[in-house]
Amino acid sequence: MKPFTYNSRPARIVFGAGSLERLGEELDELGIRRALVLSTPEQRFLADRVRKLAGERCVGVFDGAVMHVPVATAQAGVDAAREADADGLIAAGGGSTLGLAKAIALETSLPIVAVPTTYAGSEVTPIYGMTAGNEKKTGKSYRVLPRTVIYDASLTLTLPAGLTATSGLNAIAHAAEGLYAQDANPVMSMFAEEGIGSLARALPLVCARPDDLAARETAQYGAWLCGTVLGGVGMALHHKLCHTLGGSFNLPHAETHAVILPYAMAFNLPSAPEALQRLGRALGVADPATCLHELGRQLGAPASLETLGLKADQLDHAAEMAMRSPYWNPRPLSYDAVRRLLQLAFDGVRPDLASFNGI
Ligand code: NAD
């Protein structure tokens with residue numbers, strides 16, 4: 001076995017359909033008496049329910065969360081928390097709401113209780129991001145890691161089928177890259193394999209019947225494990241490409257992950273035999289790249305970068321940008337390889353483990 005370093009960070013996970021009802025006890029456990037609830041405008045209804053459940057432990061709602069945490073939104077959130085004299089934050093929503101909570105916590109050190117409603121996984125990572133102009137800056141601080149996460153799958157019943165599919169594939173991407181991370185370790189790989197297997201089993205059931213609560217719970221369990229991998233080990237080419245396409249070409253977050261994942265796997269897995277074995281075992285197939293592409297089609301996820309709005313004449317620039325300060329990657333990178341990967345993803349061609357032979 002390769003030597004490794006494994007950090008375990010304290011996080012309290014309260015899991016189960018209906019567990020939002022335990023919010024009051026969980027706030028008491030952390031000593032929070034003046035919580036500010038955060039949400040997007042679209043999920044204000046959830047924020048109001050959370051506020052009611054928190055009762056007199058809640059001092060208000062800030063429903064201004066938007067995608068990619070613009071610095072002005074983060075500042076408005078910090079101001080709202082200070083004006084309300086809040087002593088804790090409750091983030092009720094997806095990665096955008098969690099992102100706002102983290103930006104506020106970075107400035108104020110307030111503890112976060114997370115109530116996730118997508119499969120993005122931000123609730124179990126110390127990673128934060130903020131956008132100024134066209135540039136998204138990310139960083140890592142344990143100050144922003146939520147202290148308690150309440151996973152109540154009944155809150156995901158309203159997640160639209162499209163976002164369910166892409167958010168679930170986004171979660172699989174975290175764990176798949178974690179399997180071949182430079183700092184991979186057997187504990188995170190165990191989480192990754194179990195997380196990917198759970199999501200791959202549950203997502204087709206959820207997309208066929210969005211009100212299947214048991215399948216929603218399995219998907220959420222998988223998302224927790226996959227998010228933990230994202231927070232625990234480093235990411236590689238797949239995440240670099242998605243950050244480039246999201247940050248500089250404004251492509252939507254989860255959808256971009258869903259499109260790129262099979263191509264990143266086709267490129268990297270031939271150079272990462274243990275990851276290939278584990279991913280194959282989790283999915284029950286010999287070629288995970290083809291399998292993930294087919295899973296995307298089965299779930300109705302977008303099939304190509306072209307359908308996401310990227311233009312053919314932007315591919316050269318995207319490849320150049322992805323090659324600027326690249327992340328560590330298990331297979332050596334070249335402009336030509338990245339350009340070819342982007343072309344295949346642009347066209348939505350079915351990839352396999354031989355797609356990059358000889359490049
Ligand atoms: P999101 O939070 O942007 O949500 C998309 C939309 O769906 C919003 O309008 C939201 O209100 C709505 N929504 C969420 N859950 C719903 C539900 N159950 N029912 C109905 N509507 C619902 O989407 P996301 O994919 O969860 O988050 C994407 C953002 O999270 C990106 O900015 C990404 O960079 C960030 N992210 C960060 C990390 C991290 O570790 N820091 C990890 C993953 C994603």
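I take a residue as buried when its relative accessible area is under 20%. The model I am reading is predicted.

**Helix H12**

I looked up which residues of helix H12, residues 315-323, are buried. They are Leu315, Ala318, Ala319, Met321 and Ala322. I then checked how they are spread around the axis: they cover an arc of only 165°, which puts them on the same side of H12. I noted the general rule alongside: an α-helix has 3.6 residues a turn, so residues three or four places apart point the same way.

Next I asked what the buried residues of H12 pack against. I found two partners, helix H8 (237-249) and helix H13 (335-347).

I also looked at what follows H12. Ser325 comes after the helix, and its phi is positive, near 40°.

**Positive phi elsewhere**

Most residues other than glycine have a negative phi, and I looked up two further residues against that background.

His68 is a residue other than glycine with a positive phi, near 70°. I located His68 in the loop that runs between strand S3 (58-62) and helix H3 (71-83). Its relative accessible area is 23%, so I entered His68 as partly exposed.

Asn250, again not a glycine, has a positive phi near 60°. I placed Asn250 in the loop between H8 and helix H9 (253-268). H8 is also one of the helices against which the buried residues of H12 pack. Is Asn250 buried or exposed? I entered Asn250 as exposed, because its relative accessible area is 64% and the cut-off for exposed is over 50%.

Technical notes:
Residues numbered from 1 in each chain as written. Predicted model: local features only at pLDDT ≥ 70, side-chain atom pairs only at ≥ 80, totals over all residues. Heavy atoms only, no water. Buried < 20%, exposed > 50% of the residue type's maximum accessible area, 1.4 Å probe, protein only. Helix = DSSP H or I, 4+ residues; strand = E, 2+ residues; numbered from the N terminus. Arc of directions from axis to C-beta. Contact = heavy atoms within 4.5 Å.
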